[in-house]
Amino acid sequence: MPEQPRLVYDDDCGFCTWCADWAVRNGDFEPVGFSELTLDEQHRLPDEYEDCVHLIADETVYSCGKATEEVLLRMGKLPTEPFTFLNGFADYERLREDAYRFVADHRDQLGKVVSADAPIRR
């Protein structure tokens, strides 16, 4: 039986914590804040892992925009067919990552709208 995917997020960020909480409430993910990562988990992630969200699913690590897309797809919030098609284009990857970076760069402002204070627990 495959392990529950681990959603790795910045548990110091209220907006990030709110997003992780929403994903856990609507999908099957184990939340793991940056402060809770083991050394083994840190080594599985990119060197600059604190720059974005990650999803560890089986042996695959998804990061940033790809992680967000994968979480939404696994939750059933997005239809898979358009993303299967779009992922065939190099420009789509750049657009997805630029969109992710825009949101990440404005998380302080977004945190004024939606935020959670403490790391989430199941």
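## Cysteines and a pocket: two exercises

The torsion about the S-S bond of Cys52 and Cys64 is about -70 degrees, so this disulfide (a pair of cysteine sulfur atoms within 2.5 Å) is left-handed. The model is predicted, so local features need pLDDT of at least 70 and side-chain atom pairs pLDDT 80 or more, while totals for chains, interfaces and linings use all residues. Residues are numbered from 1 along each chain as its sequence is written, and side-chain values use heavy atoms, leaving out hydrogens and water.

**Exercise 1.** Find which parts of the chain the disulfide of Cys52 and Cys64 ties together.

*Step 1.* The two sulfur atoms are 2.0 Å apart.

*Step 2.* Cys52 sits in the loop between α2 (39-44) and β3 (54-57), and Cys64 in helix α3 (residues 64-75), so the pair links parts 12 residues apart in sequence. Helices (H or I, at least four residues) and strands (E, at least two) are DSSP runs, numbered from the N terminus.

*Step 3.* Both Cys52 and Cys64 are buried, meaning under 20% relative accessible area, with exposed over 50% and partly exposed in between (1.4 Å probe, protein chains only).

**Exercise 2.** Work out whether Cys19 is in a disulfide, and how accessible Cys19 is.

*Step 1.* Look for the nearest cysteine sulfur: that of Cys16 is 6.5 Å away, and Cys19 is in no disulfide.

*Step 2.* Now check accessibility: Cys19 has a relative accessible area of 30% and is partly exposed, whereas Cys16, at 16%, counts as buried.
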